Amino acid sequence: ITCSAAVSACEKGRQWVQALQLFREMSEGDVEMNIMTYNAGISACEKGGQWIHALQLFRDMVVSRVERDTMTYNAGVSACEKG
């Protein structure tokens with residue numbers, strides 16, 4: 001929950017670079033990420049106009065077998081619209 005909250009704070013502060021850094025650190029630290037973590041990361045990238053990074057996180061969800069929901073798809077589509 002702490003990691004998801006940190007990524008969510010990055011999203012709210014429009015700090016997509018920091019959100020992606022947290023993802024990298026969580027991955028290296030073998031921390032399991034959930035749908036809330038990914039959605040916040042995708043939204044952070046979307047708000048920063050970083051559609052390529054948003055779609056990479058979307059793909060990472062597939063590889064990690066994390067279920068996607070309406071929020072995931074909406075943030076992904078919105079990122080592509082802004083890119």
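## A first look at this predicted model

A search through the whole structure turns up 0 disulfides. Please keep in mind that this is a predicted model. Why is there no bond at Cys10? The sulfur of Cys10 lies 10 Å from the closest cysteine sulfur, in Cys45, and that is too far for a bond. A disulfide would need the two sulfur atoms within 2.5 Å. Cys45, in turn, is in no disulfide, with the sulfur of Cys10 as its nearest cysteine sulfur at 10 Å. Cys10 is buried, with a relative accessible area of 11%, and Cys45 is buried too, at 0%.

### Aromatic pairs

Let us turn to the rings. The count of aromatic pairs comes to 2. In one of them, the ring centres of Phe23 and Tyr38 are 5.4 Å apart and the planes meet at 50°, so this pair is tilted. Phe23 belongs to helix α2 (residues 16-28) and Tyr38 to helix α3 (residues 35-47), so the pair ties together parts that are 15 residues apart in sequence. Phe23 is buried, with 6% relative accessible area, and Tyr38 also counts as buried, at 3%.

Phe58 and Tyr73 form an edge-to-face aromatic pair, with 5.3 Å from centre to centre and 70° between the planes. This pair links distant parts of the chain, as Phe58 sits in helix α4 (residues 51-64) and Tyr73 in helix α5 (residues 70-82), 15 residues apart. Is Phe58 buried or exposed? At 18% relative accessibility, Phe58 counts as buried, because the limit for that word is under 20%. Tyr73 is partly exposed, with a relative accessible area of 41%.

Here are the pairs side by side:

| Pair | Centre to centre | Angle between planes | Kind |
|---|---|---|---|
| Phe23 and Tyr38 | 5.4 Å | 50° | tilted |
| Phe58 and Tyr73 | 5.3 Å | 70° | edge-to-face |

### A walk along helix α4

Helix α4, the home of Phe58, deserves a visit of its own. With 14 residues at 1.5 Å a residue, α4 should span 20 Å, and its end C-alpha atoms are indeed 20 Å apart, which agrees. Which residues of α4 are buried? They are Ala54, Leu57, Phe58 and Met61. Looking down the axis of α4, you would find these buried residues within an arc of 100°, so they line one face of the helix. What do the buried residues of α4 pack against? Their partners are α2, α3 and α5. On the other side of α4, Ile52 and Val63 are exposed. Just after the helix comes Arg65, with a positive phi near 60°.

### Positive phi in the loops

That brings us to backbone angles. Most residues other than glycine have a negative phi. Arg14, though not a glycine, has a positive phi near 55°. Where is Arg14 found? Its place is the loop between α1 (2-12) and α2. Arg14 is exposed, with a relative accessible area of 54%.

Asp30 is another residue other than glycine with a positive phi, here near 60°. Asp30 is located in the loop between α2 and α3. Is Asp30 buried or exposed? With a relative accessible area of 71%, Asp30 is exposed.

Definitions and conventions
Residues numbered from 1 in each chain as written. Predicted model: local features only at pLDDT ≥ 70, side-chain atom pairs only at ≥ 80, totals over all residues. Heavy atoms only, no water. Buried < 20%, exposed > 50% of the residue type's maximum accessible area, 1.4 Å probe, protein only. Phe/Tyr/Trp six-rings, centres within 6.5 Å; stacked < 30°, edge-to-face > 60°. Helix = DSSP H or I, 4+ residues; strand = E, 2+ residues; numbered from the N terminus. Expected span 1.5 Å × (residues − 1). Arc of directions from axis to C-beta. Contact = heavy atoms within 4.5 Å.
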